[in-house]
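The following exercises are to be worked with the sequence and the coordinates at hand. Each task is followed by a solution in steps.

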Amino acid sequence: MASLCSGIVKLTGCKCVCKSLTGSRYCGRHGKPIVKQVHKNLDFDRCEAEIHRHIPSVSHDIQGVYDAVNRLHFVMTECNTPQSLVDPFHRSCKWDMSDEEYREHMNVISRSRSESMAIGVFHETMFGIAKGYMKLKQGHETGLDIMSVDGTEAMELKNATHTMNSSSASSVANKLRAWASRGMKAILVQINCKDNKVVRPKNMEADIETWSGRDAYARIMGCDTFYDDLQVFLRVMISGR
């Protein structure tokens, strides 16, 4: 909770957390105005140097990588406020918490969801930066995330197995099946896999390929260690270590 509180202090200018999560313009306990934190962009020159040091296979698009990691940095360092509408049933299940504790609890949940979504967008952007590939815009006819420039491959990216329930898995399978039926390569990429083994949805045909994130990055970036190198790059740029 310390990291959460420190983020709130940046927003409020004081150590009070009770009213800073409600959207009020003033801290209810201390009466101090809530000052909105201005996001500080990452240093471009430092980012360029770290790209060349850790992930040189994407050095052809320094600006694209910078924009991607800068957006991720924004989400990871901002203090997100949960929605003001409280689910009374959820609140009833957490009745042992004080109002302040409950608001902090919901803020952690909100941050986790935002960060997970941001990581997904980051991976899509990185795949789109790879030479010979592009990130597809929302509403593309395939409904997928990534396509090779020559139109022979299309990919759907998922962070992990648990991000696909039965309905989502069925939808993904249908989209990939439609692409495979044209004689093209259709690929499901699961970024994070236990023991690097993809959990294949039951209703997915054999002609649809499945790649782990480690294997996918190795193939499209032409570097066997890119999956690990990217983690080091993020630690340096966002965590500063």
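**Exercise 1. Helix α8**

Determine what span helix α8 reaches and how this compares with the expected value. Then establish which of its residues are buried, and which elements they pack against.

*Solution.*
1. In this predicted model, α8 covers residues 226–239, which is 14 residues.
2. At 1.5 Å a residue, a span of 20 Å is expected for α8; from first C-alpha to last, the helix reaches 19 Å, close to that value.
3. The buried residues of α8 are Phe-226, Tyr-227, Leu-230, Phe-233, Leu-234, Val-236 and Met-237.
4. For reading such a list, recall that an α-helix has 3.6 residues a turn, so residues three or four places apart point the same way.
5. The partners of the buried α8 residues are α2, α3, α5, α7 and β4 (185–192).
6. After α8 comes Gly-240, with a positive phi near 75°.

**Exercise 2. Aromatic pairs**

State how many aromatic pairs the structure holds. Classify the pair of Phe-44 and Tyr-66 and the pair of Phe-127 and Tyr-217.

*Solution.*
1. The structure holds 3 aromatic pairs.
2. For Phe-44 and Tyr-66, the ring centres are 5.1 Å apart and the planes stand at 65°; the pair is therefore edge-to-face, since the cut-off for that class is over 60 degrees.
3. Phe-44 belongs to helix α2 (residues 44–54) and Tyr-66 to helix α3 (residues 62–77), so that this pair links distant parts of the chain, 22 residues apart.
4. The two rings are covered as follows: Phe-44 has 29% relative accessibility and counts as partly exposed, whereas Tyr-66, at 10%, is buried.
5. For Phe-127 and Tyr-217, the centres lie 4.7 Å apart with planes at 50°, and the pair is therefore tilted.
6. This pair, too, links distant parts of the chain: Phe-127 is in helix α5 (residues 99–129) and Tyr-217 in helix α7 (residues 213–221), 90 residues apart.
7. Phe-127 and Tyr-217 are both buried.
8. Ring pairs join Phe-127 and Tyr-217 with Phe-226 in a cluster.

**Exercise 3. Charges over rings**

Find which ring the charged end of Arg-91 sits over, and which ring Arg-219 lies over.

*Solution.*
1. Arg-91 places its charged end over the ring of Tyr-102, at 4.5 Å from the ring centre.
2. Arg-219 lies over the face of Trp-211, and the distance to the ring centre is 4.2 Å.

**Exercise 4. The surroundings of Leu-42**

Decide whether Leu-42 is buried or exposed, and list what it touches.

*Solution.*
1. Leu-42 is located in the loop between α1 (2–12) and α2.
2. Its relative accessible area is 10%, so Leu-42 is buried, the cut-off being under 20%.
3. Leaving aside residues up to four places away in sequence, Leu-42 touches Tyr-66, Val-69, Asn-70, His-73 and Met-237.
4. From Leu-42 to His-73 the separation is 31 residues in sequence and 7.9 Å in space, C-alpha to C-alpha.

**Exercise 5. Strand β3 and its neighbours**

Describe how β3 is paired with β2 and with β4, and how far β3 is covered.

*Solution.*
1. Strand β3 (residues 153–160) is mostly covered, with 8 of its 8 residues buried.
2. Strand β2 (residues 146–148) runs antiparallel to β3, and 2 bridges join them; Met-147 stands opposite Ala-154.
3. β2 and β3 make a hairpin with 4 residues between them, and Gly-151 in the turn has a positive phi of about 75°.
4. β3 and β4 run parallel and are joined by 7 bridges; here Ala-154 stands opposite Ala-186.

**Exercise 6. Helix α7**

Identify the buried residues of α7 and the elements they pack against.

*Solution.*
1. Gly-213, Ala-216, Tyr-217, Ala-218, Ile-220 and Met-221 are the buried residues of α7.
2. These residues pack against the helices α5 and α8 and the strands β1 (133–135), β3, β4 and β5 (209–212).
3. Gly-222, just after α7, has a positive phi of about 70°.

**Exercise 7. The chain as a whole**

Summarise the elements of the chain and its buried share.

*Solution.*
1. The chain has 8 helices and 5 strands, in the order α-α-α-α-α-β-β-β-α-β-β-α-α.
2. Of the 241 residues, 42% are buried.
3. The accessible surface is about 13,700 Å², with 52% belonging to carbon and sulfur atoms.

Conventions: Residues numbered from 1 in each chain as written. Predicted model: local features only at pLDDT ≥ 70, side-chain atom pairs only at ≥ 80, totals over all residues. Heavy atoms only, no water. Phe/Tyr/Trp six-rings, centres within 6.5 Å; stacked < 30°, edge-to-face > 60°. Buried < 20%, exposed > 50% of the residue type's maximum accessible area, 1.4 Å probe, protein only. Lys NZ or Arg CZ within 6 Å of the ring centre and 35° of its normal. Expected span 1.5 Å × (residues − 1). Contact = heavy atoms within 4.5 Å. Areas by Shrake-Rupley, 256 points an atom, 1.4 Å probe, with all protein chains shown as cover. Pairing = 2+ DSSP bridges.
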